[in-house]
Structure formats: C-alpha cells, structure tokens
Amino acid sequence: MGDGGGDRGGCCPPMDLFRSEPMQLVQLIIPIESAHHTISYLGDLGLIQFKDLNVEKSPFQRTYAAQIKKCAEMARKLRFFKEQMSKAGLSPSAKIMMRDDIDMDDLEVKLGELEAELVEINANGEKLQRAYSELAEYKLVLHKAGEFFYSTRSSATAQQREIEAHSISEESVDTPLLLEQEMSTDLSKQVKLGFLAGLVPRVKSMAFERILFRATRGNVFLRQSAVEDPVTDPVSGEKIEKNVFVVFYSGEKVKNKILKICDAFGANRYSFPEDLGKQAQMITEVSGRLSELKTTVDVGLLHRGNLLQTIGDQFEQWNLLVRKEKSIYHTLNMLSIDVTKKCLVAEGWSPTFATKQIQDALQRATFDSNSQVGAIFQVLHTIESPPTYFRTNKFTSAFQEIVDAYGVAKYQEANPGVFTIVTFPFLFAVMFGDWGHGLCLLLATLFFIIREKKLSNQKLGDITEMTFGGRYVIMMMALFSIYTGLIYNEFFSVPFELFGPSAYACRDLSCRDASTAGLIKVRRTYPFGVDPAWHGSRSELPFLNSLKMKMSILIGVAQMNLGIILSYFNAKFFQNSLNIW
C-alpha cells in the first residue's frame, strides 16, 4: 500500500482520471451477535481495509484465538487428505460449488470422522500389505530353496550309486574290515548341520557373503539364487531386487553370529522344512493364503479409493470454507471489544464511492444474524496518510499487478498502470515482431478469453492459472506483435508481399535474386513495413539491425519522457515546486 498526502489543490483535470480513488477512514460499531456475518459480507465486498486495534496483544491473547486454532486444525486435516489423494493418484474436483448451509461445527466433526476412518484404513492396509509381502517372499524361498535341496539330493543319490557300483567292482580283502570300522563309529561324534534360508538385497549380497565367511572363519556353506523380478520389501514397502540364500552351519554360536549378520544386512529369514512332502504342503498353504490376502488387500484399496474420491469431490469447497473462516476470525481479532463487551469496534480505510455498498452489507448482516441492533457506520476525520487504491477490472488488473511488482504509487499520485496497457505489450512486440508467432499467441489467448466464465470456476494448475490471469496482457502482446511483425514483414521469419510487389527488381539477367548485386528501384516504395527484397540481401543484417536499434532508442526515450511528464504532474498536484524545477 502506498501512502502520501491528502487532497490538495492545483491538479490538472485530465490527470484526475489516472489518480487513485479518494479514501476515507471509517469506524464501525458492530454487535457481537452479528460480527461474524458482518466481517464475512464485508470480506466478500472487498472494499475496506481494517486497521489492527490490538497491536499490543500477542496472537494468543486475542479474543478469537481458540477459533483460529480450531480452523488451523481443520486445515491440517485437509492437508492430510490432499497428501493421501496425491499418493493414490487422485486430484480434487476442479468444480467449486459453494453452499451456505454448511455449519462449521458439523464440518469439524465430519473432518474428524473422515480422518479417523482414513487413518484406520491406512493402518490396516499397511498390516495386510506387509503380511502379503512376507508371504510372497516366503513362497519365493520355498521355491528357490526347494529347487536347491532337490537338485543337491538328486546329485548326492547319483553319486552314492556310483560309489557303490565302484566299490563292488573293486572288492579287496580289506573292504570288510573298513566297512566294519565305519559301522562301529560312535553316533554321538557325528556332526549335525543346521541351515537358515531367506532373502537378502542383491546389492548387499556380496558383502553379506564375505562377512559370513570372515565371521565364521569359513565354517559355513552358502548358496544364493537371484530372483528374476523385483520383490516388495515388507519393511520399507519398496520394490527391491533380492537373492534367495541358504546358509549351512554347525553349532549354536555360529548360528547366533549368522542371525546378527542377517539383521545387520536387512535379510529376512523364513523357516524351511527339509522334507519334500512338507515343502509341497507349505507351498500349497502359502499360495492359498496369498490369494486370500490379495482379495482382502484389493477390497481395502477399493474402499480407500472410494473414500478419497468422496473427499475429493468436496475438498475444494471445504478448503475454501476453512480458509474463509480463518480469515474472518483473523479480522475479528483486529477489532477492539467495547467496555460493555457487547460490541466490537472496527476502524478501516475505504474508497468514498463504497459508502453505500458498505452500509447495505451491514444491513444485510444485521438481518441475516437476527440481531436486535444494527451496526453503526461513521466517517472519521484524520490527518493520517490513506493507503492507495486503484479501481481495476478483469482487463486492467494484470497490468496493475505488473506495475505494483515494481512499486505502489503514493496516495493520489498518477497511476502509471494506465499507460502500461500500451507501453508494456508494445515493448514486448518490438522484441517479438513476427505476425505468425503473434497469430499463434492470439489464438491461444482467445481460447482462455472465450471460456473465461467456465475456467474461472475451476482449479487450474500453477502455470495455467498464471496464464489465465494474464490472458488480456497476452492478447495485447499478441496484437502488438502482429503489428510490429507486419512492420518487419516477417511471418515465421519469411517475408510476404502482402501490401503489393517489391519496389526493387533485377536490372539484367546476371542478377538472379536479392542476394546478388544489381537490384534497382523500379516501382513506388513499399507502402507498409520493410520491403520483402531486403530479406536475404547482402545488407539485410546491417539494415534491419539499424532499423530495430533506432526504433528501440526512440521508444525508450519516449517512455522516459512519459515518466518525466508524469513526475511533473505529480509535483504540480502536490504543489512541490522543488520537484517541478
């Protein structure tokens, strides 16, 4: 907001059209029962800027701190819903249908119930998904380790048969004595091997094998088999490439070491039966449980999707309501409470033309809230510098925002935004002079202008919303680009003889085209813009660069002079003779 002096004499009447609106300081005395409706209607009107009358109080000491905290909690729940919809690949409905019959207390209860239901669904879904992932890994272990045991057993059987056949064919006198010695070996001295099976991430498999070897001093036997497709990890929920491993060991101490190493490397262990019959039975059971869990998980995801879709249909409406409610209570906290604690006193700046509209809003708020006493509106006289207010519409608002980005004019200074409507798109067109590109830009922006009523009620993306907001700026830029493109005679950098034939022609047969010497003027000067014969000629770059540079200098000097002229009228309006000189 700009600030400056009040009304002064000596203004130039034509410049009054470009000055900010006259402002007034108003005071409102609002009954407590109609305060919410009053601030809501005045906010919809958007023609009053309230002053903070409780500057000395912290946010927690103000009257409506509890209501703001409640709105912040509802906003947190809505953000949670938006995150969940984003994870599910859903987007809130773009259509916003405002309903006035929604009670904020009912909305608070509803949002709490939806949050509790969604949290419970998520928790159950995570448990089911983890159980499903564990069973899927278990099934892989049963298949891969089963194949290893089966192949090992088959090779051992074949090897035993060969040894037996070889021993029969080469019988000796010592053979019975050796067999008798082997039979007499104490069974208690035989070594019993144990084994563990599971899955380990493939990126850690080599380090896992080395650590096992070093920790057990080589007293283990490890076999690994790669799983073709990535596996969903039960802990992280991410798809990871893994290897199925089977490690054989001897002794409880070695087993404890292996268990600790598995935990350190994130290797999931699963029980594995040695008997082939039990293996087949376990695979059948796991497959059955997997299909049941898959059905349950799908039903849970469907229910979650339906719930998020229901939330998404009303999300934008709820979000707008919560934000509006929070803004209302923020504004109410800027008002001071009367000593009787039955009224709120508000002060703010408003344009003088808005007096009738503000009074109508106050009367409507009194009627809708069934208040016995109406709000009191009065104008205060002050020497404070009012804020700057420029009345804009859908065409001029974007140009005004461009000017405000550089600085806001002081109260009742001339508004440069009016001149920017012409100067900004024209300076763009000097750099972007091509009527082919200009036509493309014009067609694109006409789409937004023709459908602006429909698009204004929809939730657009960041880039699309920015483009839609500046649709009239882009339209003016396109029109000026077409104009300067005709001056430069460029249609996608190709010249055209739109306004008649070129004024130049070849003087003899040795002159083939414009790129060779020998062109002479045979007709009247090309009526508008650059003659097409210049494009492709030897002197094209020097001529066109000179033309554009001189045009840029002239336009730049003209714009600087315009700024000096505006400064002169501002100084004359504020009767500042020093600035005039």
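Arginine 217 is exposed, with a relative accessible area of 76%. Its phi is near 55 degrees, a positive value in a residue other than glycine. The structure is a predicted model. Mean pLDDT for the protein is 84, and 87% of the residues reach 70 or more. The points below cover confidence, two positive-phi residues, two strands with their partners, one helix and the annotated transmembrane regions.

**Confidence**
- Residues 1-13 have pLDDT under 50 throughout. The model still gives this stretch 37 contacts beyond four places in sequence.
- Residues 177-185 also have pLDDT below 50. Beyond near neighbours in sequence, the model shows zero contacts for residues 177-185.

**Positive phi outside glycine**
- Arginine 217 sits in the loop that links helix H5 (205-215) to strand E4 (221-226).
- Asparagine 489 has a phi near 55 degrees, again positive in a residue other than glycine.
- The loop holding asparagine 489 runs between H14 and strand E12 (504-506).
- Is asparagine 489 buried or exposed? Its relative accessibility is 3%, so asparagine 489 counts as buried, since the cut-off for buried is under 20%.
- Arginine 217, at 76%, falls in the exposed class, because exposed means over 50%.

**Strand E3**
- E3 spans residues 194-201 and is mostly covered, with eight of its eight residues buried.
- Cover reaches both faces of E3. One side carries Gly194, Leu196, Gly198 and Val200, all buried. The other side carries Phe195, Ala197, Leu199 and Pro201, buried as well.
- Strand E7 (residues 242-249) pairs with E3 in the antiparallel sense, over eight bridges. In this pairing, valine 200 stands opposite asparagine 243 of E7.
- Strand E8 (residues 268-270) also runs antiparallel to E3, joined by three bridges. Here leucine 199 faces asparagine 268 of E8.

**Strand E1**
- E1 covers residues 23-31, and eight of its nine residues are buried.
- E1 pairs with strand E10 (residues 343-351) in the antiparallel sense over nine bridges. Isoleucine 30 stands opposite leucine 344 in E10.
- E1 also pairs with strand E11 (residues 376-380), antiparallel over five bridges. Glutamine 27 stands opposite glutamine 378 in E11.

**Helix H10**
- What span should the 15 residues of H10 (residues 417-431) have? At 1.5 Å a residue, the expected span is 21 Å. The end C-alpha atoms are 21 Å apart, which agrees.
- H10 has a kink of about 25 degrees at threonine 423. This kink comes shortly before proline 425.
- The buried residues of H10 are Gly417, Phe419, Thr420, Ile421, Pro425, Ala429 and Val430.
- Cover for these buried residues includes helix H9 (397-406), helix H14 (471-488) and helix H15 (540-573).

**Annotated transmembrane regions**
- An unreviewed UniProt entry annotates residues 426-450, 471-488 and 551-571 as "transmembrane region".
- Residues 426-450 are 88% helix and 0% strand in the model. The end C-alpha atoms of residues 426-450 are 23 Å apart.
- Residues 551-571 are 100% helix and 0% strand. For residues 551-571, the end C-alpha atoms are 30 Å apart.

Key:
Residues are numbered from 1 along each chain as its sequence is written. This is a predicted model: local features need pLDDT of at least 70, side-chain atom pairs count only at pLDDT 80 or more; totals for chains, interfaces and linings use all residues. Side-chain values use heavy atoms; hydrogens and water are left out. Buried means under 20% relative accessible area, exposed over 50%, partly exposed in between (1.4 Å probe, protein chains only). Helices (H or I, at least four residues) and strands (E, at least two) are DSSP runs, numbered from the N terminus. Two strands pair if DSSP finds at least two bridges between them. The expected span of a helix is 1.5 Å times one less than its number of residues. The bend at a residue is the angle between axes fitted to the seven residues ending there and the seven starting there. Contact means heavy atoms within 4.5 Å. UniProt positions are given in the numbering used here, feature names are shortened, and annotations may be inferred rather than shown by experiment. pLDDT is the predictor's confidence in each residue, from 0 to 100.
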